[in-house]
Amino acid sequence: MGLNFQGIARDPNGFILSSKSFNLRISITTDTIGDAYLYQEVVAIKTDYLGYFSTKIGEAVEGKIITGAPFESIRWDTSLLYIHVELDANN
């Protein structure tokens, strides 16, 4: 179970983060600010030469840090939920 997620990692100036390892924090939140999260995970990601990365939100893998309610318990049908994504290119 999980939600497939992919993206292109860029620095604050818009330059692609090519072949770079970093931590990605993904939160499922109840608001657009991202302060009230239901689920949160931190996972190590490595981009390819184009800055592309992919992960599966909610999937239990070794080294992933998960906080909040279990992913399986999220009620997707009760209200609007948001995905808040943060990356730390400098770890």
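Start by selecting K64 and E41: these two form a salt bridge, with their closest N and O atoms 3.1 Å apart. K64 sits in the loop between β4 and β5 (65-68), while E41 belongs to strand β3 (residues 37-46), so the pair ties together parts that are 23 residues apart in sequence. Colour by accessibility if your viewer can do that, and you'll find K64 buried, and E41 too. Keep in mind as you click around that this is a predicted model.

How many salt bridges are there to find? The count comes to three, so let's visit the others.

Next, pick R25 and E86. Their side chains meet in a salt bridge at 2.9 Å, N to O. Trace the backbone from each end: R25 is in strand β2 and E86 in strand β6 (residues 82-88), so this pair ties together parts that are 61 residues apart in sequence. Buried or exposed? For R25 the answer is in between: it is partly exposed, with a relative accessible area of 34%. E86 is partly exposed as well, at 28%.

Now move to D77 and R75, whose side chains also meet in a salt bridge, this time at 3.2 Å, N to O. Show the surface here, and you'll see that D77 and R75 are both exposed.

Leave the charges behind and select S19, in the loop between β1 (3-8) and β2 (21-29). What is there to look at in its backbone? Check the phi angle of S19: the value is near 50°, which is positive, and this residue is not a glycine. That deserves a second look because most residues other than glycine have a negative phi. As for its surroundings, S19 is partly exposed, with a relative accessible area of 44%.

For the last stop, turn the surface on and select I8, I16, Y49, L50 and Y52. Together they make a nonpolar surface patch of about 500 Å². Which strand holds Y52? Follow the ribbon and you'll land in β4, residues 52-57. Y52 is partly exposed, with a relative accessible area of 32%. A residue needs over 30% to count towards a patch, so Y52 passes that cut-off with its 32%.

If you want one view to save, try showing the K64 and E41 pair, which is buried, alongside the D77 and R75 pair, which is exposed.

Technical notes:
Residues are numbered from 1 along each chain as its sequence is written. This is a predicted model: local features need pLDDT of at least 70, side-chain atom pairs count only at pLDDT 80 or more; totals for chains, interfaces and linings use all residues. Side-chain values use heavy atoms; hydrogens and water are left out. Patches are made of residues with over 30% relative accessible area and no salt bridge: like charges are joined within 9 Å, nonpolar side chains (Val, Leu, Ile, Met, Phe, Trp, Tyr) within 5 Å. Accessible areas come from the Shrake-Rupley method with a 1.4 Å probe; for residues, only the protein chains shown count as cover. A salt bridge is a side-chain nitrogen of Lys or Arg within 4 Å of a carboxyl oxygen of Asp or Glu. Helices (H or I, at least four residues) and strands (E, at least two) are DSSP runs, numbered from the N terminus. Buried means under 20% relative accessible area, exposed over 50%, partly exposed in between (1.4 Å probe, protein chains only).
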